[in-house]
Structures are given as structure tokens and as C-alpha cells.
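Colleague: I've got this structure open and I'd like to understand it piece by piece. Could you walk me through it?

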Amino acid sequence: MSRRPYVRKIERNWWLQHPRYVAYMIRELTSLFVGLYCALLAIGLVRLAQGHAAWDGFVAAFSSPPGVVFQWLCLVFAIYHSVTWFALTPKAMPLMVKGEPVPGKLIVGAHYVAWAAVSAVVLMAAGV
Amino acid sequence: MAKSNKPILWLPFAGGGLVAALITPVLILITGILVPLGVIHLNYETIAAFAHHPIGKLILFGAVALPAWHAAHRLRMTAHDLGLGGGGVKAACYGTAWLVILVAAGALIAT
Amino acid sequence: MSETITLEVLRYRPETDSEPHFQRYTVPYRDDWVVLDALNHIKDNLDATLSYRWSCHMAVCGSCGMTINNEPKLSCHTFLRDYRGGVIRVEPLDHFPIERDLVIVMDSFMEKLSGVKPWLIPKQEKPLSDGEYLQSPAELNVFHQYTQCINCVLCYAACPQVGLNEDFVGPAALALAHRYNLDSRDGGKGARADVVASNEGIWECTFVGACSQVCPKQVDPAAAIQQTKISASVDWLKDLLTPGAHR
Ligand code: SF4
Ligand code: FES
């Protein structure tokens, strides 16, 4: 009998072929918005260094309607990033206490507590 | 096969992912919603004073540079997933990240 | 007339077929039948030319993996009742060449598996007269879940990185390497690192997590790989700071 194994090639749109791959792609896409927002922040730091008038111009620019729409998009993806990132932490950093694994929910929960704390500190520093 | 030097790319990716998860949403909340709505006012003197302080510089730098690297590395991997490999993609992703990082560092040094 | 259910099975016979094609079979529906029972019914009563692998019929041997309605599954562990009223599409597992019908070529997996040296490499060999290498239940607990793998390769079929790069060592082999690295009696982490911590090893993984979702034994290879990334990075830093000292 002749052996003639048939090789199937992976398709370019493989990520559309199952919901879990679509979810993965959305998770990866968050990085585009995180990156764009970092670029915005870097520009802000330049404007800050340039003095009062430049800074006010920057604040006006990111408060304009297109600036706000862009940042809304960034916020949605940034939150999706946070949620998916925290959800995977128990896998990457499992903890053992006295020979027993710490429940994953506790590890995820601790990250949410830290998220809330960091957010509160930043908001207070910003003058809320 | 040999041990890889990937940790040099991956460690700041992982660190940046955590920093982005913890701090980026609240920053966008401030600049994208609270300031435009007039809930808070980002006063030049306060921000500049923060950026003058060495610890302030370090925090601002970390909040920009680490997530920027995280984003660049993840985008490169995703491009590969979509069948776009190669040196061009690599250079574009990491190059942009380096640009953002250096601009941020330069601005903070000048402040 | 008693109830029936239709299976759409991917056929490939290398002597006659230039490429695979689907063939439909209608089999009796039974609440307690799994997809493997339906395939056995076809083989025994309808079409003896159908080829597929199986052995234990109880989710232990790992040989009956197939793609069932776009999901990598053990066919002995997938009940017809979950597909009642529909058509069940049965294909060979993704990312492996098809030998014939539902039978895949697994040679590449076998090589990857042995490539990570999945056996105990004691820190110090001791003579038999010194007795066993002892281990406490707590030390066993650290890696126990990673011993549960049955080499069914569902995780390889689910992993897009396996499909994109055929050299990727892949989930099950990396999870097994982690199992030995975590073993208190083992000292072989450095010896495994040449493969495990290479570009074709853990660094090819982007934490899609599909492997862990489809694993029938809750091995969680994705977790093993992330933990290995962290420990390999720590080792890499140690190497950088104290060259040569660490192995
Ligand atoms: S890790 Fe799970 S899915 Fe992968 S081969 Fe082992 S038992 Fe099968
Ligand atoms: S026949 Fe053994 S695992 Fe299914």
C-alpha cells in the first residue's frame, strides 16, 4: 500500500473559524489602542516640556470631539486588556501556600483590588 | 536548537502588560472623559511640578514606555498570526516603540 | 421508525483520492452512544473501508481524537445526544497530515515529545543501594496535574501556533517538560532548556489558551508554558548577571 499523507495548509483567516480565536484576536488588537494612547501621552510630555501655552493647546486638542472619540475607543480596548490580562494571571503565576494551591479567583481578585487602588491614587493625584 | 534571547523582548512585554492593565484605563478616563467634561482641570503648574520631581519623571516614563513596548511586541506577534512576518514588520513595531520611548524620555529630561 | 442521526465523515484514501471529501452515513440514534460508537456501527454494518484509531473507549488511551463539529474532541467522550437533531461533522485532527480517513500522521509529535527529555534526570545519580528518591505528597501536588496527559494531541489541533509553525514544540510536550522541571527529584531543567527555552519552544506561544480549553484531562498546558516563560526569563537574567555560574 502506498503512503501518501495529505497535508492541509492553515488558512490565512484561521482566526475567523472559531469564536475563541476571534476573542483572541480582539485581545491582541487591544495593543494597537494601548500603543496609540502611549504615543498621545508621549506627545503630551513634549508639550508639557514646551511650557504653559503648549500644554494648554495639548489639553484643548485631546478634549476636542475627535480626540474624545479616539480616547473612548482606547478606553474600551484598554479595559478589555485589563480584564483579559487579570483573568490569565493565575495560570502564569500560581501560588502554593502550605502545599495547597491558592484558588485562582483569589489571585484574580487581588489584581482587581490593585487596579482599583492604582486608579484611586491616580484620580486623587489628578485632583478629583 | 539553542536557548533563546527572547526574554529581552518578553520581560518588558509582560511588565508593560501589567502596567497597561493597572494604569492605562484610569489615564484615559482622565484625559478622555473627566477633563473634556470639565470634571477635573489638568493644571499646568501641578503637572509640571510632578514632571520635575525625579520620582514623578520615573512614574510618567514607566506609564508611557512599558505599555508602548508591550503594544509593539504584541502587535508584532499578531502580525505574524495574520501571515505578516519578516523583518519589515519587526522593524516597524519595535522602531515605533523606540521612537515613543525616546520622545518621552527626551521630553522628561527637558522638563 | 426509530430515530437516526447523520454523520458527515471526511474520507481520504491515498490509493484513489487526490484530496479528501465528505461522505454521509446515517446511523441509529442512541442516548448512550458516543461518536466512536457511531463510527464502529458504520465500520461493522455500513462501510468496512472507514479507518480511524481507537482503543480504550474510556478517555484513557488518547488515540481517538477527532475534529467533531469544528472542535477537537475524544470521540469516545463525545455523546451523540449533544448533537441531537443536527448533523455531526467528523474530521481528522487539524495541523497533522492525514494518513487515511480519520487517521493522522503523528511522527512529528513523537519527536517533539522525546525532544524535551520527558524523564527524571536526577540532580545526583545515586547507587541503587541508597534507596529510592523520596518525595512528599506536597511535592507531588506541585506538578500532579501535568502528569495527567494522555498524548491525545487535541491541544496541537487547537493551537494556531502549531498550525502556523510546524516546528513549534507545542503544548503537550512543553507541559510535560514543565512537569519534570517542577519535580523535586529532578535536576534536568538546564538540559531541557536547549529545546524548551528555544525560539521553537515556549517563545512561539502567544497564550491563545485554546490548548487548555480543549484538553480532556485538565492538564492546562497554557499555564505550564506561561510559568516556563517566567522561569526561563529568570534563568536568562541570572545567566546575564553571573555568566557561566548558572546552568
Ligand atoms: S495536554 Fe491535554 S490535550 Fe494535550 S495531549 Fe495531553 S491530554 Fe491531550
Ligand atoms: S478510545 Fe481511548 S481515549 Fe478514546
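Modeller: Here come some questions and answers about strands, turns, domains and empty spaces. Keep in mind that this is a predicted model, where local features need pLDDT of at least 70, side-chain atom pairs count only at pLDDT 80 or more, and totals for chains, interfaces and linings use all residues. Residues are numbered from 1 along each chain as its sequence is written, chains are lettered from A and ligands numbered from 1 in the order in which they are written, and side-chain values use heavy atoms, with hydrogens and water left out.

Colleague: Okay, strands first: how many residues of strand S1 of chain C are buried?

Modeller: Strands (E, at least two residues) and helices (H or I, at least four) are DSSP runs, numbered from the N terminus. Buried means under 20% relative accessible area, exposed means over 50%, and partly exposed is in between, with a 1.4 Å probe and protein chains only. S1(C) covers residues 4-11 and is mostly covered, the buried count being seven of its eight residues.

Colleague: Which residue in S2(C) is the bridge partner of C:Glu8?

Modeller: Two strands pair if DSSP finds at least two bridges between them. S1(C) and S2(C), residues 21-28, run antiparallel and are joined by eight bridges. In S2(C), the partner of C:Glu8 is C:Arg24.

Colleague: And which residue in S5(C) does C:Leu7 stand opposite?

Modeller: S1(C) also pairs with S5(C), residues 87-91, in the parallel sense over four bridges. There, C:Leu7 stands opposite C:Ile88.

Colleague: Which residues of strand S4 of chain C point to the buried face?

Modeller: The side chains alternate along S4(C), residues 71-74. C:Glu71 and C:Lys73 point to one face and are not buried. Pointing to the other face, and buried, are C:Pro72 and C:Leu74.

Colleague: What stands opposite C:Gly65 in S4(C)?

Modeller: C:Gly65 belongs to the pairing of S3(C), residues 65-68, with S4(C), which is antiparallel over four bridges. The two strands form a hairpin with two residues between them. Opposite C:Gly65 stands C:Leu74.

Colleague: What is the phi of C:Asn70?

Modeller: C:Asn70 lies in the loop between S3 and S4 of chain C, and C:Asn69 in that turn has a positive phi of about 45°. C:Asn70 is partly exposed, with a relative accessible area of 35%. Although C:Asn70 is not a glycine, its phi is positive, at about 70°.

Colleague: Is C:His95 buried or partly exposed?

Modeller: Look in the loop between S5 and strand S6 (98-100) of chain C. C:His95 isn't a glycine, yet it has a positive phi of about 70°. With 28% relative accessibility, C:His95 counts as partly exposed.

Colleague: Over to chain A: how far apart are the C-alpha centres of its two domains?

Modeller: The bounds come from an automatic or database domain assignment, and they divide chain A into domain 1 (15-92) and domain 2 (95-128). Seven residues of domain 1 are in contact (heavy atoms within 4.5 Å) with six residues of domain 2. The C-alpha centres lie apart by 21 Å.

Colleague: Why does the largest pocket lie between domain 1 and domain 2 of chain A?

Modeller: On a 1 Å grid over the protein atoms alone, a pocket is an open set of points with protein on both sides within 12 Å along at least five of seven lines, a cavity is a set where a 1.4 Å probe fits but cannot get out, and lining residues have an atom within 4 Å of a point. Among the 31 lining residues of the largest pocket, A:Val122 and B:Leu27 are two of those nearest its centre. It lies between the domains because both give residues to its lining: domain 1 (15-92) and domain 2 (95-128).

Colleague: Which helix gives the most to that lining of the largest pocket?

Modeller: Nonpolar covers Ala, Val, Leu, Ile, Met, Phe, Trp, Tyr, Cys and Pro, charged covers Asp, Glu, Lys and Arg, and polar the others, Gly among them. The lining has 24 nonpolar, seven polar and no charged residues. With six residues, the top giver is H1(A).

Colleague: Finally, how much space lies in the largest cavity?

Modeller: Grid points are joined across faces, edges and corners, and a volume is the space filled by probe spheres set on the points. There are two cavities of 30 Å³ or more. The largest cavity has 14 lining residues, including C:Cys149 and C:Val219, and its space is about 100 Å³.
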